[in-house]
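Biologist: Hello! Could you walk me through this structure, one question at a time?

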Amino acid sequence: MTALTALAADTPSLVQSVDWLAITPVVVPAAVALLVLVADLFTPEARKPVLGWVSVAGLAAATAALLPLRAGDRTTFCLTADPGACSYTADHFALVVQFLVLAGALVTALLSVTGVRDGRIPAGEYWFLLLSSAAGAALLPASRDLATLIVALEVASLPAFALVGMRRGDRMSSEAALKFFLSSVTATAVSLMGVSLVYAATGTLHLTRVADRLEDVPGQLDTLAMAGVALTLVGFAFKTAAVPFHFWVPDTYVGAPLPVAGYLSVIGKAVGFTGLILVTVIAFPAYSDVWGPALAVLAALTMTVGNAAALRQSADRPQSAVRLLAWSSVGQAGYLLVPIAAAAYSDRDQIGSTVAYALMYAAVNLGAFAVAALVARTKPLHRISDYRGLYAERPAAALSLAFFLLCLAGLPPGIIGLFAKITVFRSAVDAGLGWLAVVMAVNVVMALYYYLRWTALLFRTPETEGQAPAVTKAPWPLTAAIALTAVTALALSGAPQLVLRFASGTLFPL
């Protein structure tokens, strides 16, 4: 017995400590998701809306839980033999992205409160899936090993497939969900193959350790490691809707409920860019000569294809408004890729420009979808022409949408959109990617046409001039979502340093 006791005393503990405060922003939405799922079984149909408000409260609490972590110095799930290798890190990068994800999910929940009831969508399932996806999206930016990264990516993505197809009996919704699912599963399989090859070449999954071992890969494993790096990027490139992995976007956005389409355009995109940043900048800097040029080309193709397709949208075509927002989101993804590609040629602080741009994009794009959801209550065909004369019917909504579109275009008074584009443009110039900066400048000019055309339409004389416009009172949760995004966009334009400061400093610990 004495010998066994001595042996136990000499054996290092394999039990990892858990910092519950650090993981609270992930645990809260996951716990509320389970609560909602169970409560749905015992809640009568007339009281189902309560589940939505519980979900809103849970997302608000998860967002508030970020405040005690603002120092950005917490880690947990670390190896007992190497405390520096951790699976979860609540640094400034993770906290900023978690705020974007949870606040965006909160706005989506506000948009969904009325939509779930009016669209005859099963409440319990909808709120469970939305909260589960938000929990996975909040976990991903804090993940610091490849296994956790892939699990978080799928936890964020799998519920999204079901959310897209939640409108039962709607052929378009089912088709969109199936297309989204099949293409995403294929990309995930390729990415998993890449992770397995990286593990075979390095013998570790922790991002910092992978980076160290890729610096000195044996010659016979170099091709294996290079293939693993390339394949791993495919899954994340799909989530960002980068060309040529973008084909699912327009049909998925059209088939999904509008709040879900807005969620995918912001939170789904944030998930992909976060994963892409972590694997390139932290895990694969040794192979920057592989992923740097590839991402630069992807950025150029993505912004060009997205903007060119948005230009082709006919104002009288059904679903043209949603399709324009979908193709616009593809074009915006190209801008977001630029600083990541630039990080391969200069330093990883360049990715702060992507984070700053993503924060601006999240506020204004969710706002645009919120106004689209309001207009769709009386004009369900989602045509761009349906917005003609919106100012005469709903002045506040028209002014809000005009401001959101001007921010996306990068024109005053949308100062934050202009400054965010300048920081992205500067990252390309500083990295010596002059050709990419030129391509971006051309695409910004291309995008001005369709953004300004839609903006001008809002203030034109309505086609039914002389008749009283059919205006119904907007539900207050929908009004609150529009107001919240509009106030945020105005605050950012009034004080752009609130987000632009991320572009001038490091978000990762030195």
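**Charged pairs and overall build**

Modeller: Gladly, starting with one pair: the side chains of E175 and R171 form a salt bridge, with N and O 3.1 Å apart. Keep in mind that this is a predicted model.

Biologist: Which helix holds both E175 and R171?

Modeller: The two residues are four apart, about one turn of the helix. Their salt bridge thus sits within a single element, residues 171-202, which is helix α7.

Biologist: Is R171 buried or exposed?

Modeller: Its partner E175 has a relative accessible area of 41%, so E175 is partly exposed. Exposed requires over 50%. R171 has 63% relative accessibility, and therefore counts as exposed.

Biologist: How many residues apart in sequence are the parts that K179 and D251 tie together?

Modeller: K179 and D251 form a salt bridge whose closest N and O atoms are 2.5 Å apart. K179 lies in helix α7 and D251 in helix α10 (residues 249-255), so the parts tied together are separated in sequence by 72 residues.

Biologist: And how do K179 and D251 count, buried or partly exposed?

Modeller: Buried means under 20% relative accessible area. K179 has 30%, and D251 has 25%. Both residues therefore count as partly exposed.

Biologist: What about E393, buried or exposed?

Modeller: E393 meets K379 in a salt bridge, 3.6 Å from N to O. This pair links distant parts of the chain, with K379 in the loop between α14 (351-375) and α15 (390-393), and E393 in helix α15. K379, at 23% relative accessibility, is partly exposed. E393 has 18%, so E393 counts as buried.

Biologist: Which residues are joined into one network by salt bridges that share partners?

Modeller: We have already met the bridge between K179 and D251. Salt bridges with shared partners make one network of K179, D251 and R323.

Biologist: How many salt bridges does a search of the whole structure find?

Modeller: The protein has 30 positive and 27 negative side chains, with the centres of the two sets 12 Å apart. Side chains of opposite charge can pair when their charged atoms come close. Across the whole structure, the number of salt bridges found is seven.

Biologist: Finally, what radius of gyration does the protein have?

Modeller: The secondary structure comes to 20 helices and two strands, and 59% of the 510 residues are buried. A compact globule with 510 residues would have a radius of gyration near 24 Å, which agrees with the protein's value of 23 Å.

How values were computed: Residues are numbered from 1 along each chain as its sequence is written. This is a predicted model: local features need pLDDT of at least 70, side-chain atom pairs count only at pLDDT 80 or more; totals for chains, interfaces and linings use all residues. Side-chain values use heavy atoms; hydrogens and water are left out. The radius of gyration is taken over C-alpha atoms; the globule rule is 2.2 Å times the number of residues to the power 0.38. Buried means under 20% relative accessible area, exposed over 50%, partly exposed in between (1.4 Å probe, protein chains only). Lys and Arg count as positive and Asp and Glu as negative; His and the chain ends are not counted. The place of a charge is taken as NZ of Lys, CZ of Arg, CG of Asp or CD of Glu. A salt bridge is a side-chain nitrogen of Lys or Arg within 4 Å of a carboxyl oxygen of Asp or Glu.
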